[in-house]
Amino acid sequence: MPGKAAYDGLADWYDEWAKPQGAVRNDDEASRLVRELLGRGRGRLLDQGCGGGRFFELFHELGWSVVGIDESEDQLRVARRRASEARAELVHGDATALPFDGESFDAVAAVLVSTDVEPFEALVGEAARVLKRGGPFVHLGVHPCFHGPHSLFQEDGRRLVGPGYRERSRQVDLPAFRPEGIRARVGAVHVPLDDLLNALLEAGLRIVRVEEGREAEPPWLLAVRAEKPD
Ligand SMILES: C[S@@+](CC[C@H](N)C(=O)[O-])C[C@H]1O[C@@H](n2cnc3c(N)ncnc32)[C@H](O)[C@@H]1O
């Protein structure tokens with residue numbers, strides 16, 4: 001893939017910064033939701049926008065053979081450190097135009113990428129194409145009702161909600177972006193709840209389970225399991 005990806009040059013920093021948000025620890029809310037919605041399985045799992053491979057260990061523990069794809073060479077360099085233990089295969093490529101045959105994966109996971117991969121509809125369409133019939137697609141992302149251009153964090157934990165909920169273009173400079181965080185560095189895209197769920201339905205997937213995170217108030221995570229019909 002030509003050109004510099006948004007996370008190039010940030011991968012080591014991101015890996016450290018994202019640690020308190022879990023996945024690597026495996027006992028955090030994001031990991032629990034992924035484990036619960038994906039479940040144990042065998043066969044090939046595609047990790048769409050795998051980044052530094054923070055979820056490889058979890059997928060591996062659940063029995064899946066992981067293939068991670070990301071557009072950032074730098075993120076894949078970090079992922080390589082985790083790949084051998086989790087026996088993951090890494091691919092440099094675009095999650096919205098997957099270099100894989102149709103029905104070549106038993107499961108697909110898209111974790112914390114709805115704020116990054118554009119357009120989300122293409123990511124889901126490709127997930128549905130490469131999935132085998134009956135296979136699960138698991139989306140875990142920030143909750144679009146409480147995160148996005150319309151929502152400003154207050155010091156006391158409350159959100160100030162204003163206009164902007166339907167704004168889908170990449171935002172690079174929002175008051176909601178903390179200067180020390182990832183979004184001030186790479187920006188963010190927002191997918192409203194109806195667009196997010198409709199993307200799955202329009203890709204022909206059947207939504208079978210929806211979970212909102214319960215640890216934060218209001219929830220910061222939304223997780224969906226959908227399946228490709230037999
Ligand atoms: C917030 S990070 C999440 C990474 C990983 N899933 C995790 O939870 O740690 C978003 C990732 O999406 C990747 N990404 C963005 N657009 C992409 C695209 N079109 N194709 C593949 N990867 C993409 C970025 O390079 C980045 O690694």
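In which sense do strand 8 (residues 206-212) and strand 9 pair, and over how many bridges? The points below take up this matter and others in the predicted model.

1. Strand 8 and strand 9 pair in the antiparallel sense, over 6 bridges. Within this pairing, Glu212 has Leu222 of strand 9 as its bridge partner.

2. Strand 9 also pairs with strand 5 (residues 136-142), again in the antiparallel sense, and here the count is 7 bridges. Pro136 stands opposite Glu227 of strand 9.

3. The burial of strand 9 (residues 221-227) deserves attention. Because 7 of its 7 residues are buried, the strand is largely enclosed by the rest of the structure. Both of its faces are covered. On one side the buried residues are Leu221, Ala223, Arg225 and Glu227, and on the other they are Leu222, Val224 and Ala226. The buried set thus includes Arg225 and Glu227.

4. The largest nonpolar core comprises 28 residues, and those with the most contacts inside it are Leu46, Phe100, Leu123 and Phe137. Two or more residues each are given to this core by strand 2, strand 4 (107-111), helix 5 (120-130), helix 7 (193-202) and strand 9. Helix 5 gives the most, with 6 residues.

5. Phe137 may be examined individually. Leaving aside residues up to four places away in sequence, Phe137 touches Gln48, Val108, Ala110, Leu123, Val124, Ala127, Leu131, Leu200, Leu205, Val224, Arg225 and Ala226. Apart from the core of Phe137 lies another core, of 27 residues, which includes Leu37, Phe59, Val111 and Leu140.

6. The largest pocket has a volume of about 790 Å³. It is lined by 31 residues, of which Trp17, Val142, His147, Phe153 and Arg183 are the closest to its centre. Helix 1 (11-17) and strand 6 (151-153) are the elements that give two or more residues to this lining. By class, the lining has 16 nonpolar, 10 polar and 5 charged residues.

7. The second largest pocket holds about 480 Å³ of space. Of its 26 lining residues, the closest to the centre are Tyr7, Asp70, Val113, Asp116 and Val117. The lining of this second pocket divides into 11 nonpolar, 7 polar and 8 charged residues.

8. Is Ser72 buried or exposed? Ser72 has a relative accessible area of 1% and is therefore buried, the cut-off for that term being under 20%. Ser72 is placed in the loop between strand 2 (65-70) and helix 4 (73-83). Not counting residues up to four places away in sequence, its contacts are Ala5, Tyr7, Asp8 and His92. Tyr7, one of these contacts, is also among the residues closest to the centre of the second largest pocket. Ser72 and Glu89 are 17 residues apart in sequence, and their C-alpha atoms are 15 Å apart in space.

9. Helix 4 follows the loop that holds Ser72. Its buried residues are Asp74, Gln75, Leu76, Val78, Ala79 and Ala83. In general, an α-helix has 3.6 residues a turn, so residues three or four places apart point the same way. The buried residues of helix 4 pack against helix 1, helix 3 (56-61), strand 2 and strand 3 (89-92). Two of these packing partners appear in earlier points: helix 1 contributes to the lining of the largest pocket, and strand 2 contributes to the largest nonpolar core.

Methods:
Residues numbered from 1 in each chain as written. Predicted model: local features only at pLDDT ≥ 70, side-chain atom pairs only at ≥ 80, totals over all residues. Heavy atoms only, no water. Helix = DSSP H or I, 4+ residues; strand = E, 2+ residues; numbered from the N terminus. Buried < 20%, exposed > 50% of the residue type's maximum accessible area, 1.4 Å probe, protein only. Contact = heavy atoms within 4.5 Å. Pairing = 2+ DSSP bridges. Core = buried A, V, L, I, M, F, W, Y, C linked by side-chain atoms within 4.5 Å. 1 Å grid on protein atoms, 1.4 Å probe; cavity = no way out; pocket = protein on both sides within 12 Å on 5 of 7 lines; lining within 4 Å. Points joined across faces, edges and corners; volume = space filled by probe spheres on them. Nonpolar A, V, L, I, M, F, W, Y, C, P; charged D, E, K, R; others polar.
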